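Visitor: I am new to this structure and would like a close look at a single part of it. Please take one strand and show what surrounds it.

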Amino acid sequence: MVLLKVGNVEFSYGSFKALKGVTFEAREGEVVSVVGPNGSGKTTLLKTLDGIFKPLSGSVYVDGKSLGSMGRKEIAKLFGYVPQRLEHLYPFTVFDFVLSGRKPYIAFMPGGKDHRKVFEVLKLVNLEEKAFKKITELSGGELQRALIARALVVEPRILLLDEPTASLDLYYQLEVAELIKQLARDRRLVVVMALHDLSLAYRYSDKVVVMKDGKVYAMGSPEEALTEEVIYAVYGVRVRILKDEKAVVVAFNQR
Ligand SMILES: Nc1ncnc2c1ncn2[C@@H]1O[C@H](COP(=O)(O)OP(=O)(O)O)[C@@H](O)[C@H]1O
Ligand SMILES: [Mg+2]
């Protein structure tokens, strides 16, 4: 079933058009990777999907319903957002940090159900043992999992992640990518993530959206969207696609 539909979305910062006619859709359980050079509009797209930014024209639909016709709380319960980085890291415990994600459900004070949900998602991301550790004392991989837990505690139908593997070493990159894939499958979520690493996009996506200058330059399965031609046109870099290894490697000879 198509859960997320992005129809001809345009967005501007003042007079600068950052998104131009962006259109794609995603089915339940699908992982969609958004790739493209710096400044191509990936972060802007993610922020437009969950209504942080209002599109100038076009619409985002969840289950056929336009975000424009929904209230702020209704939208907040549909999307979990994992930002690229936290601007300020305060020494909250992991538990309190994840609990803060329950905000759309909490009228006055968090209750037993909210606490149970926090433990449920901490277990899911394998962070239960760190529940009462401070987030300032976590490793990069653990902090990334705490951010994902905070997004999941919303019980979203769509999980948005902005370069979730960017600050991680190789081991944690694979661990987080596996976790994201498994969450999409098991919870029937739509996952939309901005990614820098084209090999991870090739390996872990059901669909890849390639952005260039605020437009969708190519879209489709990893094999369809991530071709040597497309990557050269968008990044200006010659690569080789190793189909068997599911890897994108920079070509030795750039001519
Ligand atoms: N707050 C802002 N005000 C004005 N321009 C912005 C702002 N944020 C991003 N931009 C511009 O919009 C374009 C897309 O940015 P962004 O979505 O952050 O790209 P990406 O995430 O792909 O690197 C860039 O040209 C960037 O300079
Ligand atoms: Mg970005």
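**Strand 3 and its surroundings**

Guide: In strand 3, V31, S33 and V35 point one way, V32 and V34 point the other way, and all of them are buried. A residue counts as buried if 20 or more other C-beta atoms lie within 10 Å of its own, as exposed if 12 or fewer do, and as partly exposed in between, with C-beta atoms placed from the backbone. Strands here are DSSP runs of E with at least two residues, helices are runs of H or I with at least four, and both are numbered from the N terminus. In a regular strand the side chains alternate between the two faces of the sheet. Strand 3 is mostly covered, with five of its five residues buried.

The model is predicted: local features need pLDDT of at least 70, side-chain atom pairs count only at pLDDT 80 or more, and totals for chains, interfaces and linings use all residues. Residues are numbered from 1 along each chain as its sequence is written, and chains are lettered from A and ligands numbered from 1 in the order in which they are written.

Strand 3 belongs to an open sheet of six strands, in the order 6-7-8-3-9-10, with mixed pairing. The edge strands are strand 6 (79-82) and strand 10 (215-220), each of which pairs on one side only. Neighbouring strands of this sheet are turned by 15° against each other on average, direction ignored. Two strands are said to pair if DSSP finds at least two bridges between them. Strands of a sheet pair through backbone hydrogen bonds, either parallel or antiparallel.

Strand 3 runs parallel to strand 8, joined to it by four bridges, and V32 stands opposite V192 in strand 8. Strand 3 also runs parallel to strand 9, again with four bridges; there the bridge partner of V32 is K207. Further along the sheet, strand 9 (residues 207-212) pairs with strand 10 in the antiparallel sense over five bridges. One of the residues involved is V208, whose bridge partner in strand 10 is G220.

Two helices lie across parts of this sheet. Helix 1 lies across strand 3, strand 7 (158-162), strand 8 (190-194) and strand 9, and runs at about 150° to strand 8. Helix 9 (residues 228-235) lies across strand 9 and strand 10, at about 165° to strand 10. For these angles, axes are lines fitted to C-alpha atoms, for helices over the stretch in contact, and the values run from 0 to 180 degrees between N-to-C directions. Two residues are in contact if their C-beta atoms, placed from the backbone, lie within 7 Å.

The loop between strand 3 (31-35) and helix 1 (42-49) contains N38. N38 is exposed, because it has 7 other C-beta atoms within 10 Å. N38 and L189 are 151 residues apart in sequence, and their C-alpha atoms are 27 Å apart in space.

As for the protein around this strand, its secondary structure comes to nine helices and 12 strands. Of its 255 residues, 39% count as buried. Among contacts with a separation of 6 or more, 65% are between residues 24 or more positions apart. The C-alpha atoms fill a box of roughly 60 × 40 × 35 Å, taken along the principal axes.
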